[in-house]
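Opened the notebook to go through this fold and its ligand site. Sheet to begin with, then the helices, then the ligand.

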Amino acid sequence: MTDLSKGALVVGATSSVGKAICRELSQRQEVVGTHHKNPGPTTVAFDLEGDDPGSLPIDWGNLGSVVVAGGLTKLDVCAQDPEASARVNVEGTLRVIRRAQQFGIAPIFLSSDAVFSGALSNGEPRPKTETDPADPITVYGRQKRAVEDVVLGSTGTVLRLSKLVSTWPEDGGFLPDLAARLLHSEPVRAATDQFLNLTWTEDVARVIGFAIAENLSGLWHVAAEPVRSRYDWSIGLARELGVSEGLVRPCSLSDFELDEPRPKDCSLDGSRLQQRLPWTLRTGDQLISDIVRRG
Ligand SMILES: NC(=O)c1ccc[n+]([C@@H]2O[C@H](COP(=O)([O-])OP(=O)(O)OC[C@H]3O[C@@H](n4cnc5c(N)ncnc54)[C@H](OP(=O)(O)O)[C@@H]3O)[C@@H](O)[C@H]2O)c1
């Protein structure tokens, strides 16, 4: 069992999921979180690109858990500069992971559905399990996979996440931003041919707490039910908001001008992890209701 009297390091503690992880872990452990450009109330500065993790103001010998939730997460940013983004997402990330392992800590690395090519089969999604081969088509996906390979080839946990949704008003994100536009009667385009699960940031944080407490190692998909297209999620949100569904304009992912082709099937099969968990992940439909009720 992980020694919970020891502290936790969360790299990337200022994203919505990073904040949720710090809240969750701080119920049981002393937590040090890091920021890069957006300091939080208690975070310490750390740049994965060049900083030595040994320079962090922490006692590595007294750490029990290391969670790597930081990095460059915008696919277009990674595509535009593969070398610079790899310095953060691969080299810097591996520096933290290897240092944790040197101190006998099994790191937890947050990965993504982007490790799959996302090809549809006969126009339909097929949620990927942990045994499906990773075959990324984007720079970001290849960077995530490179780190996964190191963690899975040594010690640690890889949590592959689907699209995250926070219900904290200040966090924004896919559903809250879409809701704001629909409430302003702004038409939105939504792809009918890109499919995804929506997963609550608080559930991801709770999974990390569970993984630490239960020494859950290896590869796990963290993804709530169900899988729908972006168009169908957007229509569901418009209905719940009581605004005209006509504001949601169907389109194809190929209609967007992007720096590189994107996966169309972003769906993950989260059932293996769900069977291990003592609670049920909040569904995408419940998250839509939560966000609309919250206002
Ligand atoms: N959001 C999703 O839907 C989603 C889906 C699948 C997987 N994930 C994974 O979940 C994790 C968090 O994603 P997110 O979308 O919530 O992230 P995000 O909002 O883009 O935040 C990224 C975090 O990394 C930090 N960061 C950025 N550049 C850094 C650098 N050079 N050195 C150190 N830290 C740096 C940021 O700090 P500052 O804000 O202080 O600059 C922030 O804390 C990532 O590993 C991502 O791959 C997210």
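I count two strands as paired if DSSP finds at least two bridges between them. By that rule I get β4 (residues 63-68) pairing with β5 in the parallel sense, over 2 bridges. I looked up one partner: Val68 bridges to Phe109 in β5. Note to self: this is a predicted model.

Next, the whole sheet. I find an open sheet of 7 strands, paired in parallel, in the order β3-β2-β1-β4-β5-β6-β11. β3 (44-45) and β11 (218-222) stand at the edges with a single partner strand each, so one side of each has no neighbour in the sheet.

Then I checked what packs on the sheet. Helix α1 touches β1 (7-11), β2 (31-35) and β4, and its direction makes about 175 degrees with that of β1. Helix α4 (residues 139-152) touches β5, β6 (157-161) and β11, at about 145 degrees to the direction of β5.

Helix pair: I looked at α7 (residues 230-241) against α9 (residues 284-294), and their axes are 10 Å apart at an angle of about 40 degrees. That makes α7 oblique to α9. The crossing is right-handed. On the α7 side I see Trp233, Gly236, Leu237, Glu240 and Leu241, meeting Gly284, Asp285, Ile288, Ser289 and Val292 of α9. I sort the residues of this contact into 5 nonpolar, 3 polar and 2 charged.

Last, the ligand. Which residues are the closest to it? I get Gly12, Ser15, His35, His36 and Gly70, out of 26 that surround the ligand. The shell divides into 10 nonpolar, 12 polar and 4 charged residues. α1 (16-25), β5 (108-112) and β7 (163-165) each supply at least two of its residues, and α1 gives the largest share, 3 residues.

Conventions: Residues are numbered from 1 along each chain as its sequence is written. This is a predicted model: local features need pLDDT of at least 70, side-chain atom pairs count only at pLDDT 80 or more; totals for chains, interfaces and linings use all residues. A residue is near a molecule or strand if its C-beta atom, placed from the backbone, lies within 6 Å of it. Helices (H or I, at least four residues) and strands (E, at least two) are DSSP runs, numbered from the N terminus. Ala, Val, Leu, Ile, Met, Phe, Trp, Tyr, Cys and Pro count as nonpolar, Asp, Glu, Lys and Arg as charged, and the others, Gly among them, as polar. Axes are lines fitted to C-alpha atoms, for helices over the stretch in contact, and angles run from 0 to 180 degrees between N-to-C directions. Angles under 35 degrees count as roughly parallel, over 145 as roughly antiparallel, 65 to 115 as roughly perpendicular and the rest as oblique. A crossing is left-handed if the near helix is turned anticlockwise from the far one by less than a right angle, and right-handed if clockwise. Two residues are in contact if their C-beta atoms, placed from the backbone, lie within 7 Å.
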